Amino acid sequence: MKKPILILKIGTASISRADGSLDEPVLVEMARQVAQLHRRYRIVMVSSGAVGAGKRLMKHYQGQVKERKAAAAIGNPLLINKYQQFFAPYGITIAQSLCERRHFSERFQFLQLRETFDTLWEHEVIPIANENDVVSSLEIRFSDNDELATLMAIGFGAEKLLLGTSVPGVLDAQGRVVSRIEQFDEQVMGLAQKKKSDAGLGGMISKLTFARLATRMGIKVVIFGLEQAGSILEAEAEQTGTICLPQKSTLSARNKWLASSSLVSGRIVIDEGAYQALGQRKSLLAVGLLELVRPFEKGEVFELVRVGEEAPFALARAKVSATYLASHPKTKGLEIAHADDIVFV
């Protein structure tokens, strides 16, 4: 039987000093703990810190996008070299995986990525992933590494997602750690401080947003602080941080990918009859289309909005383009999306 999958995300502020240099004692302790978990899990580490490690070696760094890309190019080999150095005493080989949004949004590329990771795990290798900042486009990049870690957890069918940060967990109004989140409602989402660390791109808003998505897909999430020795092992054992409980999910692996990883191109509004039909797992027909809000091409993913509402209730993969729909309005029997390609969100 294959070992379960665990995704561990490491934030920039957790492994870097104020000047951006890597905090080696922290990395040594991290390797010690991950080596223990390696016996029981197939692990992916999603590690930030490359930009911080690289920018300090650039003259007159100002933080512009092109400079961040250059800093990532410098910092990535430095970061991987340190991980390689500190995992070596445990006989563990690591591999670098620089990912782009299209590796998840295009189903064929995602399946290739998963096949590569399966091969690495077969050889007892730990992949260390990060966004490919050097070439990533602003329009289609990950929002931050919390998103990358979450998409990996969902796409690979992880048992647990550990989101390591510089604070001890999700804090309430009194500054106390919320030990357990059973349901992500407005009150829970309101706990996020509207700020981020100086070093990172995300913050607690990001972590709660992607923890909500992961738990909806049946994955347990732990948001925890990395500052204390042994914190990764404690988080895996659910003895520290904020534990976010998974919801029951009956979606297939393909539809989990559709609901979480695909890039959304278009949006349409449908009538009440079409909405009720979709609830009975029927396909979406052109006769139910009320408004084409944003166009899409055949094969692309679009949002479905119920008449009278604003938020989308489902995602679907188009069987025809918006241009074709516009030229064939209300055509009887014309299928916009098959039932198997529609996922409620």
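Let's start with a pair of neighbours: strand 1 and strand 2 (residues 42-47) run parallel to each other and are joined by 6 bridges. Keep in mind that everything here comes from a predicted model. In that pairing, Lys9 sits opposite Val46 of strand 2.

Strand 1 has a second partner too. It is linked to strand 5 (residues 160-165) by 5 bridges, again in the parallel sense. Here Ile10 has Gly164 of strand 5 as its bridge partner. What holds strands together in general? Strands of a sheet pair through backbone hydrogen bonds, and the pairing can be parallel or antiparallel.

So which way do the side chains of strand 1 point? Ile5, Ile7 and Lys9 go one way, while Leu6, Leu8 and Ile10 go the other way. Is strand 1 (residues 5-10) mostly covered or mostly open? It is mostly covered, with 6 of its 6 residues buried. That includes Lys9, which is on the buried list along with its neighbours in the strand.

**The whole chain**

Now zoom out. The protein chain holds 13 helices and 15 strands. Its C-alpha trace spans about 65 × 45 × 40 Å along the principal axes. For 345 residues, a compact globule would have a radius of gyration near 20 Å, and the 22 Å of this chain agrees with that. Of those 345 residues, 50% are buried.

What about contacts along the chain? If you take the contacts with a separation of 6 or more, 70% of them are between residues 24 or more positions apart. As for the surface, the chain exposes about 16600 Å², and carbon and sulfur atoms supply 51% of that area.

One example of residues brought together from separate places in the sequence is Asp118 with Phe156: they are 38 residues apart in sequence, yet their C-alpha atoms are 9.3 Å apart in space. Asp118 belongs to helix 6 (residues 107-122). With a relative accessibility of 25%, Asp118 counts as partly exposed.

**An open sheet of five strands**

Further along the chain, 5 strands make an open sheet, lined up in the order 11-9-12-13-15 with mixed pairing. Which strands sit at the edges? They are strand 11 (289-294) and strand 15 (342-344), and each of them pairs on one side only. From one strand to the next, the twist averages 25°.

Helix 11 (residues 253-260) packs on this sheet and touches strand 12, strand 13 (314-317) and strand 15. The helix direction makes about 110° with that of strand 13.

Inside the sheet, strand 9 (residues 264-270) and strand 12 (residues 301-306) run parallel, with 6 bridges between them. One of the matched pairs is Val264 with Val301, the latter in strand 12.

**Salt bridges**

Side chains of opposite charge can pair when their charged atoms come close. How many salt bridges does this model have? The count comes to 18. Here are some of them:

| Pair | Closest N to O |
|---|---|
| Asp19 and Arg56 | 4.0 Å |
| Arg32 and Glu29 | 2.7 Å |
| Glu303 and Arg267 | 2.9 Å |

Take the Asp19 and Arg56 pair. It links distant parts of the chain: Asp19 is in the loop between helix 1 (12-15) and helix 2 (24-37), Arg56 is in the loop between helix 3 (50-55) and helix 4 (65-87), and 37 residues separate them. Asp19 has 44% relative accessibility, so it counts as partly exposed. Arg56, at 45%, is partly exposed as well.

Arg32 and Glu29 tell another story. Both lie in helix 2, and they are 3 residues apart, which is about one turn of the helix. Arg32 is partly exposed, its relative accessible area being 30%.

Then there is the pair in the open sheet. Glu303 is in strand 12 and Arg267 is in strand 9, so their salt bridge ties together parts that are 36 residues apart in sequence. Are these two buried or exposed? Glu303 is buried, and Arg267 is buried too.

Finally, salt bridges can join up into a group. In this model, Arg40, Lys160, Lys220, Glu236 and Glu238 are linked in such a network.

How values were computed:
Residues are numbered from 1 along each chain as its sequence is written. This is a predicted model: local features need pLDDT of at least 70, side-chain atom pairs count only at pLDDT 80 or more; totals for chains, interfaces and linings use all residues. Side-chain values use heavy atoms; hydrogens and water are left out. Two strands pair if DSSP finds at least two bridges between them. Helices (H or I, at least four residues) and strands (E, at least two) are DSSP runs, numbered from the N terminus. Axes are lines fitted to C-alpha atoms, for helices over the stretch in contact, and angles run from 0 to 180 degrees between N-to-C directions. Contact means heavy atoms within 4.5 Å. The radius of gyration is taken over C-alpha atoms; the globule rule is 2.2 Å times the number of residues to the power 0.38. Buried means under 20% relative accessible area, exposed over 50%, partly exposed in between (1.4 Å probe, protein chains only). Accessible areas come from the Shrake-Rupley method with a 1.4 Å probe; for residues, only the protein chains shown count as cover. A salt bridge is a side-chain nitrogen of Lys or Arg within 4 Å of a carboxyl oxygen of Asp or Glu.
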